[in-house]
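Trainee: I am new to this structure and would like a close look at a single part of it, the aromatic rings and what lies around them. Please take me through it slowly.

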Amino acid sequence: MAINQKVLEELLNQYPSKVKRNRKKHIIIKDSALARQEIEANTRTIPGIITNRGCAFAGCKGVVLGPLKDVIHIVHGPIGCAFYTWGARRNKAKSEDPTKNFINYCVSTDMQESDIVFGGEKKLARMIDEVMEIFKPNAITISATCPVGLIGDDLQAVAKAAQEKHGIPILAFNCEGYKGVSQSAGHHIANNGLMEGVIGQGDWEEAPGKYPINILGEYNIGGDSWEVERILKEIGYTVIAVMTGDGSYEELKNAHVAELNLVQCHRSINYIADMLETKYGTPWLKVNFIGVQATIDSLRNMALYFGDPALIQKTEEVIARELARVEPILGQYKKICQGKTAFCFVGGSRGHHYQGLYAELGIETVLAGYEFAHRDDYEGRDVIPEIKLDADTKNIPDLHVTPDERRFRLKISPERMEELKKKIPLSNYKGMNIEMKDGSIIVDDLNHFETEEFIRLLKPDIFSSGIKDKYVVQKMGIPSKQLHSYDYSGPYAGFNGAVNFARDIAMAFTSPTWNFITPPWKNEPLLEGTIAEGGCSEC
Ligand code: CFM
């Protein structure tokens, strides 16, 4: 059944009126006949509602900083925050120098009651000494958890003193969990810190190869960035730094030499993309390496940016060869998937990115949304000037960046920039909503009550989200694909990733497991009525 405003209203009527007023602003039914459809996003979740969101600490340490492999990431706080963010996000990393890959470690000051009462700065300083003795990393980050902000430990001072003592970069992040409404605040804090303390610290003045690029907002979940890099390197690109999947301090410090920054996840890293443009004159290109067509479009847009005929030709050769290889396999899986429907609800980018891949398999996305993205991720960056900054957003100061006196260089002329902007998403992102079909549902910060309600109404064939709602949904008889962790599978990016995804989704549909589960609505009658005695009710 399709959902219209009346059905949506009935769903929302189950809430207390104040909650209804709030949630109504976070849900839209796509209607392209309307001049614009505004959605509320990046605002506080109502207490009591079961949300899938995380906290600012998770966004800073867990998402953006954590994947840097040659860095020790100290979690300053009670042990729980470190333990429960340890190893759960599948940001893979490998290193030529095994002594500089700390990705599997969990390092925490394990604050006890006495540290909370008397302060934890000394313990933190001792921990840094210990880290230097044991690991000898290329850099150290310190991420604050909630109690640290409450007791007022001066992380910046501890980091500064330790940096002078040990002679390596030691960066402190005041990313206490409560600093924002979700992990999104933590992304911003991490972006600011990396921009201030890492990017540009290297001494390279020139890139070491042709077509130098950075890949921003790619975290190598399940090996995604390895597949993306495989394709890009074959075409002839020089990947300077990946931010931050399988990334390192050593690469990141020279990221300023790139001629183009690719942005995969706009939400988590658009701040750095913008700041690099201001500081070094390097534009960014919105890419999407999830799905065959999206990958092809991204590769063609990149080639167009550099404008070199040899690069364009090589791009087409690689595309043709990869297509010939993967299309027949995808065709087989498509036979199983064709005509089905999906929910696609992920954190801040994937709710959009996976829709194209689903469509290639013949699966229509009937509901999509983000946990913590901002209005620009839904409606496109044109709305940024009109986004109202609330107290939560103002918590995270924008870093004031100016052109680097020595290194700023416009990578392309303003005229060419304008010309290219008409053809490719250069320093722009049009958001998710524009690509969704009329009648589909867009939900911000989908909660568990609404998940169940929308499932009852739309009965999707597959639900894609994360660990927090996966099993509830599977108990309703609907296969669930985690699009955060990929359920221990992957990569899902690029050409090989599309094949892996198609295989996993087809497997989910064909598993005999679902025959053993009776969805709740299968026990309920489809129609309800009463049988009148002695004739029909009209008599
Ligand atoms: Fe970006 Fe991400 Fe995402 Fe994200 Fe995340 Fe993630 Fe995500 Mo989970 S950085 S916004 S904070 S693409 S961890 S790799 S899957 S919610 S949609």
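Trainee: To begin with, which residue lies over the face of Tyr471, and at what distance from the ring centre?

Mentor: Please keep in mind that this is a predicted model. The residue over the face of Tyr471 is Lys470, which lies at 5.8 Å from the ring centre. A charge also sits over a ring at Phe509, where the charged end of Lys340 is placed 5.2 Å from the centre.

Turning from charges to rings that pair with each other, a search of the whole structure finds 16 aromatic pairs. One of them joins Tyr305 and Phe306, whose ring centres are 5.0 Å apart and whose planes stand at 90 degrees, so this pair is edge-to-face. Within that pair, Tyr305 is buried, with a relative accessible area of 3%, whereas Phe306, at 21%, counts as partly exposed because buried means under 20%. Tyr486 and Tyr492 make a pair as well, with ring centres 4.3 Å apart and planes at 40 degrees, so the pair is tilted. Both Tyr486 and Tyr492 are buried, and together with Tyr354, Tyr358 and Phe501 they form one aromatic cluster.

Aromatic residues also appear on the surface, where Phe83, Tyr84 and Trp86 join Ile79 in a nonpolar patch with about 480 Å² of accessible area together. Of these, Phe83 is found in helix 4, which covers residues 79–83, and Phe83 counts as partly exposed at 44% relative accessibility.

Technical notes:
Residues numbered from 1 in each chain as written. Predicted model: local features only at pLDDT ≥ 70, side-chain atom pairs only at ≥ 80, totals over all residues. Heavy atoms only, no water. Patch = residues over 30% accessible without salt bridge, like charges linked within 9 Å, V, L, I, M, F, W, Y side chains within 5 Å. Areas by Shrake-Rupley, 256 points an atom, 1.4 Å probe, with all protein chains shown as cover. Salt bridge = Lys/Arg side-chain N within 4 Å of Asp/Glu carboxyl O. Helix = DSSP H or I, 4+ residues; strand = E, 2+ residues; numbered from the N terminus. Buried < 20%, exposed > 50% of the residue type's maximum accessible area, 1.4 Å probe, protein only. Phe/Tyr/Trp six-rings, centres within 6.5 Å; stacked < 30°, edge-to-face > 60°. Lys NZ or Arg CZ within 6 Å of the ring centre and 35° of its normal.
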